[in-house]
Amino acid sequence: MERLEFFPLGDAGIVLKLGDVIDEQTRQKIMAISAYLEQQPLSGMTEYVPGYTTVTIYYDPLAWRDPLGQELAYDRFQAALENQLRQLSFSAASEQRVVDIPVCYGGQYGPDLQEVSEYHGLTQEEVIQIHSGQAYIVHMIGFAPGFPYLGGLDKRIATPRRSTPRTAIAPGSVGIGGAQTGVYPLESPGGWQIIGRTPERLFRPEEHPPSLLRAGDRVRFVPISAAEYEQRKQVGR
Amino acid sequence: MSVEVISPGLFTTVQDLGRYGYQRHGVHVNGAMDALALRVANLLVGNEPDAAVLELTMKGPALRFHQDVLVAVCGADMQPVLDERRLRRNRPVLVQSGSVLRFGHAREGCRAYLAIAGGFDVPLVMNSRSTNVRAKFGGAWGRALAETDRLSLGKPGKKNVRLARQLQDRSVNRADSFCEADWFVPQSFFPYPQQKDAVVRVMPGAESELFTAQSRRDFWTTPYQISVQSDRMGYRLHGPELALNEPVELISSAVSAGTIQVPPSGMPIVLLADRQTVGGYPKIGHVATVDLPILAQLRPHDRVQFQQVTLRAAQQAWYEQEKALAELETGIELYLGGRSKR
C-alpha cells in the first residue's frame, strides 16, 4: 500500500486522506479501510467516520499517552494505524449491498415534480424514469441521522434549490438539490426540490445499525403508486 | 420513586457523556456541553462518570422529589433553593422525600448540572441516555423536560449509599429537610473565566493557511462575540470577517466538537455537542477539548479570545485535567474513610 496522508482533527481525531477528488478508486480504498476498522478496531479507538475522500478516526488521547511523556499520543496512534493498514490490500473488493427504496413520485408526496420537469422541458414521467433509472452510490451518511450523500444524479435532472426553503419537509421526502439527490430521514427544514416520498424509514434509532443505508451501498429508487405508498406505510407501523 | 417536574425551566434535558460509535450513521454525539461539570457532579454523589444528569440552561426548573435523594449541582449559578433555603453548589446534599428544589436564572454562567445518586433512569438508546432533541430520541422522550413529567432514578450503588449514610451521620440538625456535606469542590477547580472575556485554547485547523494573513491575525488577536443564534449545535460568532485567499470548494468530511468552521459569510461557527457529524466549510481551528466547558458557560453577547496552541499542549492540558479529576476522586474516597473495597 502506498504512503498514506494523515492530519489531525482537533485533539482526539485523525484524518486519513485517500484522494483529492471524488472517484471510484478513492471510494474503494475508503470502503476497504472502513471494513477493516469495523472488524479490527484499534484499542483506544472511539469510532471512525468515512467521508467522500477521507476516513476520520477518533481516538482516546489517554489510551495513547506516552508513559515517558515524550511522544505525542497523536503520533503514537498514527504509527499504530499506519502499521495496521499497511497490511491491508485494496484489491479485496467488499461485498456491495443494493438497497431498493420505493418512492411515490409527484402528487402530494412530490410537490416539486411539476416544477422540476418544467425546468428541464421534460414530462413528469421522464423525470421519474431518469431518477429511478439508475443506481446511486452512498458516499457517506451525515447531515442528519441516516441521511445518505448519494452520488450519480443524472445531469439532465439536476435542478437548483428552491429560492425559499420549506420550513418543514416530511420524513421520507426524496429531493433534488443542485447536482445531488437524497432522502430526508427526519422532518427538517430544507431547500431541495421534493419530487417524491418513500414509506421506508431511513433512520431507526431502535435498530442496529440505526441507519437503513451505509456508506458503500448502492441505492435504486423504485416507483410505486400512492395506494402502494399508503399500504406500505400502514405495514411499517 | 421519582422526580416530578413542577416547571421545566427554559431548556432542561437529560444528558450524559455523549453517544459515541454511531457518527458513521449520521447520529449526532450530543451529551453535556460542560462535560467537566457533569463529571464532578457525578463524582460528588458517587455516580459513575457517565451517569445521566440534567443539563439546565439559563433558567432552571422546579422539581419535587418523591423519594430521599442525594444530589449535587455544578456549573452555572442558578441560585437553587431547597424548601426556602439556599442550596450551595459543588457539594453533595441529602434531600428528604417531598422536598422541592427550585432553580432561578443563571447569575453567572449558562448551564448548570444536577446529578442525583443512581442517575436518571431513562432508556439507553445506542449506548447513551443523552437527549437528541432534533431527531427526537434519547433522554426523556426525546425532548426537553415539560411540566408534569416524571423521571425515574436508577438504583443507587454502594458508593452512592456510603456517601448518603455519611451525610446522615454527620447531620447536625435533623429537623432540616436536607443536610449538606461540610466539604466541597472549590469553584476554582473549574476553568470558568472571572471576567467577561474568556480565553480558549485553539489548535490551527487543516484549512487555516487558506485564510488571508489579515484574517489569521484577526482571528488570533481579536475577541469574538457569541451571537444570539447560538445553541447546543454551535455558537455563531461576530467579529472581524474571515476571508479566504481564494474561494475553495471543499469536499465534506467529519467535524468534531470544538471545530471552528467558516461559512462564506466570513463569520466563524464553533461546533458543539449537537453538531452534525460532517461538514464542508473550511476549518480555521479546533478548540482544545479541555476548554469546551468554558464555551459551554458563555452566553450570547459574551466575548471569547482564541489563543493559539499546539496539539501537544492541548493533549497535555487534557492529561492535567484528568489528573485533577483523579485526585478529586481519591480525595473523596479518603475523606469518606476506609478505602473503597471494589
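**Exercise 1. Salt bridges between two domains**

How many salt bridges cross the interface of domain 1 of chain A and domain 2 of chain A? Describe that interface in this predicted model.

*Solution.*
1. Locate the parts. The domain assignment of chain A places domain 1 at 5–86 and domain 2 at 98–236. Their C-alpha centres are 32 Å apart.
2. Apply the rule. A salt bridge needs a side-chain nitrogen of Lys or Arg within 4 Å of a carboxyl oxygen of Asp or Glu. The rule finds 0 across this interface.
3. Look at the contacts. Domain 1 of chain A brings 7 residues into contact with 8 residues of domain 2 of chain A.
4. Look at the area. The two domains of chain A bury about 680 Å² between them. Carbon and sulfur atoms hold 65% of it.
5. Find the main contributors. Of the area that domain 1 of chain A buries against domain 2 of chain A, 69% comes from A:Arg27, A:Met31 and A:Tyr52, more than from any other three residues.

**Exercise 2. The sides of a helix**

Which residues of helix 2 of chain B are buried, and what do they pack against?

*Solution.*
1. Check the length. Helix 2 of chain B has 13 residues (158–170). At 1.5 Å a residue it should span 18 Å; the end C-alpha atoms are 19 Å apart, which agrees.
2. List the buried residues: B:Lys159, B:Asn160, B:Leu163, B:Ala164, B:Gln166 and B:Leu167.
3. Place them. Their arc around the axis is only 160°, so they sit on the same side of helix 2 of chain B.
4. Recall the geometry. An α-helix has 3.6 residues a turn, so residues three or four places apart point the same way.
5. Turn to the face away from the buried side. It carries the exposed residues B:Lys158, B:Arg165 and B:Asp169.
6. Name the partners. The buried residues of helix 2 pack against helix 1 (35–45), strand 5 (69–77), strand 8 (93–95), strand 12 (178–180) and helix 5 (311–335) of chain B.

Terms used: Residues numbered from 1 in each chain as written. Chains lettered and ligands numbered in written order. Predicted model: local features only at pLDDT ≥ 70, side-chain atom pairs only at ≥ 80, totals over all residues. Heavy atoms only, no water. Helix = DSSP H or I, 4+ residues; strand = E, 2+ residues; numbered from the N terminus. Expected span 1.5 Å × (residues − 1). Buried < 20%, exposed > 50% of the residue type's maximum accessible area, 1.4 Å probe, protein only. Arc of directions from axis to C-beta. Contact = heavy atoms within 4.5 Å. Domains from an automatic or database assignment. Buried area = accessible area lost by both parts, 1.4 Å probe.
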